[in-house]
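Dear colleague,

Please find below the structure that I am handing over to you, together with its sequence. My account of what was found in it follows directly after.

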Amino acid sequence: MKRLLWLNLILFVALIGSATIGFSETAPSTQPTPKVLKIYSSEETQDFISFLKETSAALAAKDKKLMVMKLTDLEAAWDGNEDKLKPRNEAQWKLIDATLDRGINSLRSTSYDEVKGKQALDDLLKLLSESTR
């Protein structure tokens, strides 16, 4: 009888384990992806894109000190233009800002994550490029 109980318990645990493989605790987003509008001139975004490319190059070269410096320059340039850029499309500005923050949080914090940081920088470059007329 004990052997049958153990066998059933093992079978139950195996079934539960296989049923949860690939299970995600977060549901996929049902929010539509916001459309990115070309609302900034190339003159307005050239410094951001330049700092971003320099940050990415330093990250690829494993030069963390330079990468942090360029990322800080990018953040200062972006934040310094908030009053001018945000009013044109607040939702788009917030999307770009949140993407920049994701990069900063991945690359400049104590929980350094190069993969997430690189992805954030790539996403940011795409957003800035799509936002430029």
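Which residues of the largest nonpolar core touch the most other members? They are Leu71, Trp78 and Leu128, in a core of 23 residues. Helices H2, H3, H5 and H6 are the elements that give two or more residues to this core. A nonpolar core is here a set of buried Ala, Val, Leu, Ile, Met, Phe, Trp, Tyr and Cys residues joined through side-chain atoms within 4.5 Å. Buried stands for under 20% relative accessible area, exposed for over 50%, and partly exposed for the range in between (1.4 Å probe, protein chains only). Helices (H or I, at least four residues) and strands (E, at least two) are DSSP runs, numbered from the N terminus.

Please note that this is a predicted model, in which local features need pLDDT of at least 70 and side-chain atom pairs count only at pLDDT 80 or more, while totals for chains, interfaces and linings use all residues. Residues are numbered from 1 along each chain as its sequence is written, and side-chain values use heavy atoms, with hydrogens and water left out.

Core contacts

Apart from neighbours within four places in sequence, leucine 71 is in contact (heavy atoms within 4.5 Å) with Thr55, Leu100, Gly103, Ile104, Leu107, Arg108 and Leu121. Tryptophan 78 has a charged partner: with the same kind of neighbours left aside, aspartate 97 is in contact with Trp78 and Asp79. Aspartate 97 belongs to helix H5 and is buried, at a relative accessible area of 15%. The C-alpha atoms of aspartate 97 and tryptophan 78 lie 8.1 Å apart, with their positions 19 residues apart in sequence.

The cavity

Rolling a probe the size of a water molecule over the atoms shows where empty space is left. A cavity is a set of points, on a 1 Å grid over the protein atoms alone, where a 1.4 Å probe fits but cannot get out; lining residues have an atom within 4 Å of a point. Grid points are joined across faces, edges and corners, and the volume is the space filled by probe spheres set on the points. One cavity of 30 Å³ or more is counted, and the largest cavity holds about 30 Å³ of space. Its lining is made up of Phe48, Leu74, Trp78, Ile96, Leu100, Leu124 and Leu128. Helix H3 (64-80), helix H5 (90-107) and helix H6 (114-131) each supply at least two of these residues. The lining has seven nonpolar residues, no polar and no charged ones.

Salt bridges

The whole structure has nine salt bridges, each being a side-chain nitrogen of Lys or Arg within 4 Å of a carboxyl oxygen of Asp or Glu. One of them joins glutamate 54 to lysine 70, with the closest N and O atoms 3.1 Å apart. This pair links distant parts of the chain, from helix H2 (residues 42-60) to helix H3, 16 residues apart. Glutamate 54 is partly exposed at 32%, whereas lysine 70 is buried at 18%.

Aspartate 123 and arginine 102 form another salt bridge, at 2.9 Å from N to O. Here helix H6 is linked to helix H5 across 21 residues. Both partners are partly exposed, aspartate 123 at 24% and arginine 102 at 36%.

Lysine 126 and glutamate 130 also meet in a salt bridge (3.4 Å, N to O). Because they are four residues apart in helix H6, about one helical turn separates them. Lysine 126 is exposed at 52%, and glutamate 130 is partly exposed at 30%.

With kind regards

Conventions: 1 Å grid on protein atoms, 1.4 Å probe; cavity = no way out; pocket = protein on both sides within 12 Å on 5 of 7 lines; lining within 4 Å. Nonpolar A, V, L, I, M, F, W, Y, C, P; charged D, E, K, R; others polar.
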